Amino acid sequence: MVKAAGRAGGRARVSVWLEGAARARRGGQPSGLDRERITETAVRLLDAEGLAKFSMRRLAAELNVTAMSVYWYVETKDDLLELALDRAFGEMALPSADSDEDWRDQLRTLAEQYRALLVRHPWVSPLAGTFLNIGPHSLDFSLAVQRVIRRTGLPAHGQAGAIAAVSQFVYGFGTIEGHYVQRCASAGLTQEEYFRHAMTAVTVTPELHEVVRHSADLMEARGGDTVEEMRERDFAYALDTLIAGIEAMVERG
């Protein structure tokens with residue numbers, strides 16, 4: 001078994017789930033604090049202020065304690081971010097292991113849950129690409145996806161590719177959508193107002209005219225009266241395309 005890398009001597013950090021359990025069990029902790037409360041507050045701050053503004057000092061102020069009190073429970077800011085990430089993953093409702101629901105419906109449910117998570121917490125996407133994601137809720141999600149893909153009938157050698165196709169699509173879609181929603185909120189505009197403002201700006205730029213014209217044709221063909229409706233149609237159609245691809249690969253054997 002490979003020994004987890006330590007924090008001393010410049011060695012690479014591994015994961016709070018492999019290294020940090022002892023910190024939470026130490027005696028004599030400051031009263032009124034625990035990892036659960038600290039993590040819950042961190043999630044709330046990340047939602048309100050974003051990843052760039054998050055700091056242990058800001059968190060301590062929100063908890064009305066000193067920064068050293070927080071460090072009694074988590075060794076580093078990265079440890080806390082990893083805990084917050086897994087807490088967010090715990091918000092998803094996963095299909096039960098013994099469910100007899102069709103795999104297509106289960107896959108759609110998982111995709112929709114993951115997308116909603118990325119939109120609800122825009123800070124999740126950069127952290128999901130930074131850490132190992134081996135917390136209990138992250139592992140539950142990964143296992144649920146693997147169970148569904150195994151039920152498709154794909155050969156074993158193709159299942160990892162199918163998981164990558166669906167998960168990377170949802171990750172990219174949800175990340176872009178979450179950042180768009182965040183930009184609208186920061187600008188004090190609704191999604192419709194921001195969209196009209198952006199389209200107006202690019203329409204008057206000559207070198208972008210052709211791209212905009214083709215994009216407008218695509219949007220008209222797609223349908224939908226609002227940005228949200230257009231996005232829902234795109235997501236549903238793209239996911240159906242991926243499912244159809246899985247079905248086609250199963251038939252190929």
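**Two pockets and a helix crossing**

The second largest pocket has a volume of about 380 Å³. I start there, and keep in mind that this is a predicted model.

What lines this pocket? There are 19 lining residues, and Y114, F141, S142, V145 and S167 lie nearest the centre. Three elements each give two or more residues to that lining: helix 7, helix 9 (136-150) and helix 10. Helix 10 gives the most, with six residues. Now the chemistry. The lining of this second largest pocket has 12 nonpolar residues, seven polar and no charged.

Next, the helix pair. Helix 7 covers residues 103-120 and helix 10 covers residues 156-187. Their axes come within 8 Å. They cross at roughly 35°. The crossing of helix 7 past helix 10 is right-handed. From helix 7, the contact uses L107, A111, Y114, R115, L118 and V119. From helix 10, it uses V166, S167, V170, Y171, F173, G174, T175, E177, G178 and V181. By class, the residues of this contact are 10 nonpolar, four polar and two charged.

Two names come back here. Y114 and S167 belong to the helix contact, and both are among the residues nearest the centre of the second largest pocket.

Now one residue, S125. It sits in helix 8, residues 124-128. Is S125 buried or exposed? S125 is buried, because its relative accessible area is 2%, against a cut-off of under 20%. What does S125 touch, leaving out residues up to four places away in sequence? The list is L118, Y171, T175 and H179. L118 is on the helix 7 side of the contact we just saw, while Y171 and T175 are on the helix 10 side.

Last, the largest pocket. Its volume is about 510 Å³. It is lined by 15 residues, and the closest to its centre are I176, Y180, V227, R231 and D234. Which elements give two or more residues to this lining? They are helix 10, helix 11 (191-203), helix 12 (209-222) and helix 13 (227-252). Helix 10 again gives the most to the lining of the largest pocket, with six residues. The classes here are nine nonpolar, one polar and five charged.

So set the two linings side by side. The largest pocket has five charged residues in its lining. The second largest has no charged residues. Helix 10 gives the most to the largest pocket, and also gives the most to the second largest. That is the picture for today.

How values were computed
Residues numbered from 1 in each chain as written. Predicted model: local features only at pLDDT ≥ 70, side-chain atom pairs only at ≥ 80, totals over all residues. Heavy atoms only, no water. Helix = DSSP H or I, 4+ residues; strand = E, 2+ residues; numbered from the N terminus. Buried < 20%, exposed > 50% of the residue type's maximum accessible area, 1.4 Å probe, protein only. Contact = heavy atoms within 4.5 Å. Axes fitted to C-alpha atoms, helices over the stretch in contact; angles between N-to-C directions. Left-handed = near helix turned anticlockwise from the far one by under 90°. Nonpolar A, V, L, I, M, F, W, Y, C, P; charged D, E, K, R; others polar. 1 Å grid on protein atoms, 1.4 Å probe; cavity = no way out; pocket = protein on both sides within 12 Å on 5 of 7 lines; lining within 4 Å. Points joined across faces, edges and corners; volume = space filled by probe spheres on them.
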